[in-house]
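Could you walk me through this model in the viewer, one selection after another? I would like to know what to pick next and what is there.

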Amino acid sequence: VMCAAKPDSTYLFSSSGGYGFIAPLKHLVSRQKAGKAFMTLNEENIVLQPVNVAGGSLIVALGSNGKLLSFPISEMKKLSGGKGVIILGLNEGETLTDTAVLPEGASLQISGTGRGSKPTQFLLKWEELQPFVSHRARRGMRAPVKFKPEKIEPKLPI
């Protein structure tokens with residue numbers, strides 16, 4: 001995973017194990033040629049794509065079980081490394097698939113695979129997302145789609 005931005009840019013870093021934290025990029029820089037380990041992972045976990053949190057109001061998490069959970073960004077810990085805190089409650093064999101940070105009023109685009117392995121998308125408006133808002137570390141609710149959700153991203157109002 002690679003991330004390039006201004007040193008003061010703040011990102012949400014998460015792992016497939018369901019843990020994560022918010023950190024400015026300047027806390028993750030190293031003078032060591034070999035780099036710097038900033039996130040503690042179990043052997044089977046991977047680091048997910050970092051998400052810029054600038055202007056964010058809600059963090060949304062998608063589990064491999066098709067469940068969505070969103071919670072206020074204020075519930076997320078700011079750390080400079082380590083394992084982080086639980087983002088999404090997972091059962092044995094489940095993983096955190098994707099995360100997104102939504103500004104107030106934004107919609108959530110859910111992408112995935114439908115019948116016959118056909119790529120499919122669904123747009124969940126801000127108002128429709130409100131029943132999924134809870135607290136960090138909860139299990140979430142099944143996404144309102146009839147396909148296997150795999151990716152989530154914000155869609156800003158035009």
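The tour goes from the whole chain to its strands, then to single residues and a group of rings.

**The whole chain**

Start with everything shown as a cartoon, and keep in mind that this is a predicted model. The protein has eleven strands and one helix. If you colour from the N terminus onwards, the elements come in the order β-β-β-β-β-β-β-β-β-α-β-β.

Now switch to the C-alpha trace, which spans about 50 × 35 × 30 Å along its principal axes. The radius of gyration is 16 Å, and a compact globule of 158 residues would have one near 15 Å, so the two agree. For a sense of the distances within the chain, pick the C-alpha atoms of Ala37 and Thr113: they are 76 residues apart in sequence and separated by 34 Å.

Turn on the surface next. Its accessible area comes to about 9,000 Å², with 53% belonging to carbon and sulfur atoms. Of the 158 residues, 40% count as buried. If you draw a contact map and keep pairs at least 6 apart in sequence, 69% of those contacts join residues at least 24 apart.

**An open sheet**

Select S1, S2, S3 and S6. These four strands form an open sheet in the order S3-S1-S2-S6, with antiparallel pairing. The edges are S3 and S6 (85–86), each of which pairs on one side only. Zoom in on S2 and S6, where two bridges join the antiparallel strands. Here you can find Tyr19 opposite Ile86 of S6.

While S2 is in view, follow the chain onwards to Ala37, which sits in the loop between S2 (19–24) and S3 (51–52). Is Ala37 buried or exposed? Its relative accessible area is 78%, so Ala37 counts as exposed.

**Ser14, in strand S1**

For a contrast, move to Ser14 in S1 (residues 10–14). Ser14 has a relative accessible area of 0% and is buried. Show its surroundings, leaving out residues up to four places away in sequence, and you will see what it touches: among them Tyr19, Gly20, Met39, Ile46, Val47, Leu48 and Thr99.

**S4 and its two partners**

Select S4, S5 and S7 together. S4 (residues 58–63) is joined to S5 by five bridges, and the two run antiparallel. Look for Val60 facing Ser70 of S5. S4 and S5 make a hairpin with three residues between the strands, and there Gly66 takes a positive phi near 80°. That is a handy spot to check on a Ramachandran plot.

S4 also pairs with S7, again in the antiparallel sense, over six bridges. In this pairing, Ile59 stands opposite Val101 of S7.

S5 (residues 67–72) has five of its six residues buried. Add S10 (residues 141–142) to your selection: two bridges join S10 to S5 in an antiparallel arrangement. Lys67 lies opposite Arg142 of S10.

**Asp98, inside S7**

Keep S7 and colour by accessibility. Six of its seven residues are buried, so the rest of the structure largely encloses S7. Pick Asp98, which belongs to this strand (residues 96–102). Asp98 is buried too, at a relative accessible area of 9%.

What does the side chain of Asp98 reach at 2.9 Å? Draw the distance to the backbone nitrogen of Ile152, and you have it. Beyond four places in sequence, the residues in contact with Asp98 are Leu48, Val60, Ala61, Leu62, Glu150, Lys151 and Ile152.

**The aromatic cluster**

For the last stop, show the side chains of Tyr11, Phe13 and Phe21, which ring pairs link into a cluster. The structure holds two aromatic pairs. Tyr11 and Phe13 form a tilted pair, with 6.4 Å from centre to centre and 45° between the planes. Phe13 and Phe21 form a tilted pair at 6.0 Å and 35°.

Finally, bring the surface back around these rings. Tyr11 and Phe13 are both buried, with Phe13 at a relative accessible area of 2%. Phe21 counts as buried as well, at 0% relative accessibility.

Notes. Residues numbered from 1 in each chain as written. Predicted model: local features only at pLDDT ≥ 70, side-chain atom pairs only at ≥ 80, totals over all residues. Heavy atoms only, no water. Buried < 20%, exposed > 50% of the residue type's maximum accessible area, 1.4 Å probe, protein only. Polar contact = N/O pair within 3.5 Å; in protein donor to acceptor, adjacent residues only side chain to side chain. Contact = heavy atoms within 4.5 Å. Pairing = 2+ DSSP bridges. Rg over C-alpha atoms; globule rule 2.2 N^0.38 Å. Areas by Shrake-Rupley, 256 points an atom, 1.4 Å probe, with all protein chains shown as cover. Phe/Tyr/Trp six-rings, centres within 6.5 Å; stacked < 30°, edge-to-face > 60°.
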